[in-house]
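Biologist: I've got a model here and I'd like to talk it through with you. Could you pull it up so we can both look?

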Amino acid sequence: MCIQSNIHDTALIFEGGGMRASYTAGFVNHLLENELYFDYVAGISAGASHSVNYLSRDTLRTRKSFVDLVKDPNFGGWTSFVRGEGYFRAKYIYEETPFQDAALPLDFETFIKNPAKMRVGAFDIDQGEMVYLRKEDVGDIRDLMKMIRASSSMPMFMPITEFRGQRYLDGGIDGGIALEAAKKDGFEKYFVILTRPRGYRKTPVKFSGMIKAYYRKYPDVVKALLTRHIRYNETLEELEALEKEGKAHLVYPNHMPVSNRERNHQKLLNSYEAGYRQGKQDLPKWKEFLGR
């Protein structure tokens with residue numbers, strides 16, 4: 001099978017957001033079903049998972065990752081959180097499910113053959129900075145899923161991820177929207193899929209004392225978490241300015257019916273279906289921006 005890209009001048013960017021990605025999974029599947037194939041994709045946290053599913057061109061896995069997997073008894077919960085495995089059992093979700101005959105098999109061959117570039121944002125807790133892991137750095141499926149786990153290690157709710165001698169937490173610590181990565185890679189046009197409705201702005205964290213205590217050994221993590229809202233809001237304002245200039249198309253959910261930690265299957269399914277319906281309605285505007 002020949003796998004090609006047909007959109008070369010625009011960066012596709014997926015925002016993170018935990019289980020809010022159930023809604024945006026509906027958007028992802030409209031991109032795939034309508035053969036809108038970008039040759040560059042950047043994602044953070046849940047957006048990193050969407051990036052992998054998009055590049056492997058797997059509509060079923062796109063939905064299952066944020067809807068059906070919650071029915072798996074190994075998915076997580078407060079019991080696994082108390083055991084130190086995380087509210088979402090990261091090792092299981094990312095490192096045990098992507099194989100054939102497992103819960104969430106990944107078409108790694110298609111992913112590798114896809115010529116598109118990928119950037120996955122994660123926060124290096126030892127260096128105290130955001131880094132972008134690259135598709136070119138993937139040696140095998142285990143490397144890939146470790147990278148996605150690193151990007152998705154939600155602070156406090158999931159343990160730190162170690163990958164190639166470095167330790168990482170969720171890239172959302174630095175904001176959650178990978179605009180800077182795409183800019184550094186030379187793009188000037190952006191198609192951005194977001195997980196909050198238009199007009200949303202992030203507020204300062206409410207439990208700063210808890211964060212300071214929990215990450216007392218990692219002052220850079222504390223600083224990043226306490227100032228995250230500033231960077232996030234600045235990025236949104238930049239994107240909105242680019243949108244007015246015709247350089248960005250921002251795909252906002254009309255509403256967001258679930259939280260980032262939702263585990264109710266029916267609510268997640270309803271969220272996905274709402275996103276899918278919206279994607280069908282918005283598709284003509286997407287194609288117009290992309291010149292398709």
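Modeller: Sure, and keep in mind that this is a predicted model. Let's start with Asn114.

Biologist: Is Asn114 buried or exposed?

Modeller: Anything under 20% relative accessible area counts as buried. Asn114 has a relative accessible area of 3%, so this residue is buried.

Biologist: Where is Asn114 found, and which residues does Asn114 touch, leaving out those up to four places away in sequence?

Modeller: Asn114 is found in the loop between α6 (108–113) and β3 (117–124). Leaving out residues up to four places away in sequence, Asn114 touches Ile3, Ser5, Leu55, Arg57 and Lys135.

Biologist: Now for α1. How many of the 13 residues of α1 are buried?

Modeller: Helix α1 covers residues 21–33 and reaches 18 Å from its first C-alpha to its last. Its buried residues pack against elements including α2 (46–55), α3 (59–66) and α11 (265–290). The helix is largely enclosed by the rest of the structure, because the buried count is twelve of the 13.

Biologist: What about empty space inside: how much lies in the largest cavity?

Modeller: Rolling a probe the size of a water molecule over the atoms shows where empty space is left. The count comes to one cavity of 30 Å³ or more. The space in the largest cavity is about 260 Å³.

Biologist: Which element gives the largest share of the lining of the largest cavity?

Modeller: Of the 21 lining residues, those closest to the centre include Ser49 and Phe66. By class, the lining has 14 nonpolar, six polar and one charged residues. The largest share, four residues, comes from α2.

Methods
Residues are numbered from 1 along each chain as its sequence is written. This is a predicted model: local features need pLDDT of at least 70, side-chain atom pairs count only at pLDDT 80 or more; totals for chains, interfaces and linings use all residues. Side-chain values use heavy atoms; hydrogens and water are left out. Helices (H or I, at least four residues) and strands (E, at least two) are DSSP runs, numbered from the N terminus. Buried means under 20% relative accessible area, exposed over 50%, partly exposed in between (1.4 Å probe, protein chains only). Contact means heavy atoms within 4.5 Å. The expected span of a helix is 1.5 Å times one less than its number of residues. On a 1 Å grid over the protein atoms alone, a cavity is a set of points where a 1.4 Å probe fits but cannot get out, and a pocket is an open set with protein on both sides within 12 Å along at least five of seven lines; lining residues have an atom within 4 Å of a point. Grid points are joined across faces, edges and corners, and a volume is the space filled by probe spheres set on the points. Ala, Val, Leu, Ile, Met, Phe, Trp, Tyr, Cys and Pro count as nonpolar, Asp, Glu, Lys and Arg as charged, and the others, Gly among them, as polar.
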